[in-house]
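Me: Please take a close look at one salt bridge in this model and at what surrounds it. Give the cut-offs as you go, and continue to the other side-chain pairs afterwards.

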Amino acid sequence: MRDLLPYAAQCKRELDRLRIRYAADITFAVNTRAKRRLGVCKKTGDRYRIEIAASLLDERASEALLKETLLHELLHTCYGCMKHTGRWKALSDRVNAAYGYHITRAAEEDVLPEALTEQPRYRVTCPHCGAVYERFKRSPFIQHPERYRCGKCKMPLG
């Protein structure tokens, strides 16, 4: 298992070399519950908390993907960059050009080895159009699909 903080420090240095100013008060944490996202940046007042999925710290995961995710979240701490448009996009393009990264708005599917990704436990299939809805938890949607409609064809699921 990799240590998150040295990678975070390395990514900060790379942004420093490009003179990209990120927030001063940032804490980093490993999220062991994240199943579908690689990272998230949360802002509370002037403080930021960056959470990285534990699966990215596994030795089998790509080191480049870990750094791209860290940089993606660090860029959200820059002034006016909480959304993936305008200034955030311009800064991510600058980092990509300088270091050859592929920082994008969202990670493509199948970026982690299948052995590191947990598969959804529950599945509801629309009897009319065949649309499939997958969930990790046994939610009300899973327990009572008859109470819901399909997002594609609008027909009842139960």
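Reply: Lys67 and Glu14 are both buried (buried is under 20% relative accessible area, exposed is over 50%, and partly exposed lies in between, with a 1.4 Å probe and protein chains only). The two form a salt bridge whose closest N and O atoms are 3.1 Å apart (the criterion is a side-chain nitrogen of Lys or Arg within 4 Å of a carboxyl oxygen of Asp or Glu). This pair links distant parts of the chain: Lys67 sits in helix H2 and Glu14 in helix H1 (residues 4-17), 53 residues apart. Helices (H or I, at least four residues) and strands (E, at least two) are DSSP runs, numbered from the N terminus.

The model is predicted, so local features need pLDDT of at least 70 and side-chain atom pairs count only at pLDDT 80 or more, while totals for chains, interfaces and linings use all residues. Residues are numbered from 1 along each chain as its sequence is written, and side-chain values use heavy atoms, leaving out hydrogens and water.

Both helices of this bridge also meet a sheet. It is open, with 3 strands in the order E1-E3-E2 and mixed pairing (two strands pair if DSSP finds at least two bridges between them). Strand E1 (26-31) and strand E2 (39-44) are the edges, each pairing on one side only. Neighbouring strands are turned by 20° against each other on average, direction ignored (axes are lines fitted to C-alpha atoms, for helices over the stretch in contact, and angles run from 0 to 180 degrees between N-to-C directions). E2 and strand E3 (residues 47-53) pair in the antiparallel sense over 6 bridges, and Val40 stands opposite Glu51 in E3. H1 lies across E1 and E3 and runs at about 135° to E1. H2 packs on the sheet and touches E1, E2 and E3 (contact means heavy atoms within 4.5 Å); the direction of H2 makes about 160° with that of E3.

Past the end of H2, Cys78 lies in the loop between helix H2 (63-76) and helix H3 (87-99). Cys78 is buried, at a relative accessible area of 2%. Apart from neighbours within four places in sequence, Cys78 is in contact with Ile20, Arg21, Tyr22 and Leu91.

The whole structure has 7 salt bridges. One of them joins Arg60 to Asp58, with closest N and O atoms 3.1 Å apart. Arg60 is exposed at 52%, whereas Asp58 counts as buried at 18%. In helix H3, Lys89 and Asp93 meet at 2.9 Å, N to O; being 4 residues apart, they are separated by about one helical turn. Lys89 is partly exposed, at 40%, and so is Asp93, at 36%. Salt bridges that share partners join Lys42, Arg49 and Glu51 into one network.

Aromatic pairs number 3 in the whole structure (rings of Phe, Tyr and Trp, its six-membered ring, pair if their centres lie within 6.5 Å; planes under 30 degrees apart are stacked, over 60 edge-to-face and the rest tilted). Tyr99 and Tyr101 form a tilted pair, 6.0 Å centre to centre with 50° between the planes. Tyr99 is partly exposed at 28%, and Tyr101 is buried at 13%. The rings of Tyr133 and Phe141 have centres 5.9 Å apart and planes at 80°, so this pair is edge-to-face. Tyr133 and Phe141 are both buried, and ring pairs link them with Tyr148 into a cluster.
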